[in-house]
Amino acid sequence: MMDFDKLVQERRSIRGYKQKPVPKEVIAEIIGLAKGAPSSMNTQPWHFHVISGEPLDRIRAGNTERNLAGVPASR
């Protein structure tokens, strides 16, 4: 098992993505695993949104515009 120090030191950010869509089966598997993540008092307050196509393109364009304009990321 990877220790936390190694995990933090070896993490990386990915900013370039392939145009190939992620298969729906892979997305379903990821969401299925994520639903089992620990939560406070087992409340499991998860809400998942999978966005693709034109709505995703609009989000990407808006994020790029804000980034280039120097707008700080919202938290």
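pLDDT is the predictor's confidence in each residue, on a scale from 0 to 100. That matters here, as this is a predicted model. Over the chain pLDDT averages 89, and 96% of the residues score at least 70. Helix α2 (residues 24–34) comes out with the highest confidence, at 94, while α1 has the lowest, at a mean of 89.

Let's start with α1, which covers residues 4–10 and includes F4. F4 joins L7 and V8 in a nonpolar surface patch, and together the three have about 310 Å² of accessible area. F4 has a relative accessible area of 61%, over the 50% cut-off, so F4 counts as exposed.

Now for the backbone. Most residues other than glycine have a negative phi. Two residues in the loop between α2 and α3 go the other way: M41 and Q44. Here they are with their accessibility:

| Residue | Phi | Relative accessible area |
|---|---|---|
| M41 | about 55 degrees | 75% |
| Q44 | about 45 degrees | 39% |

M41 is exposed because its 75% is over the 50% cut-off. Q44, at 39%, falls between 20% and 50%, so it is partly exposed.

What about helix α3 (residues 53–68)? With 16 residues at 1.5 Å each, α3 should span 22 Å, and the C-alpha atoms at its ends are 23 Å apart, so the two values agree. Just after α3 comes G70, with a positive phi of about 80 degrees.

Key: Residues numbered from 1 in each chain as written. Predicted model: local features only at pLDDT ≥ 70, side-chain atom pairs only at ≥ 80, totals over all residues. Heavy atoms only, no water. Patch = residues over 30% accessible without salt bridge, like charges linked within 9 Å, V, L, I, M, F, W, Y side chains within 5 Å. Areas by Shrake-Rupley, 256 points an atom, 1.4 Å probe, with all protein chains shown as cover. Salt bridge = Lys/Arg side-chain N within 4 Å of Asp/Glu carboxyl O. Helix = DSSP H or I, 4+ residues; strand = E, 2+ residues; numbered from the N terminus. Buried < 20%, exposed > 50% of the residue type's maximum accessible area, 1.4 Å probe, protein only. Expected span 1.5 Å × (residues − 1).
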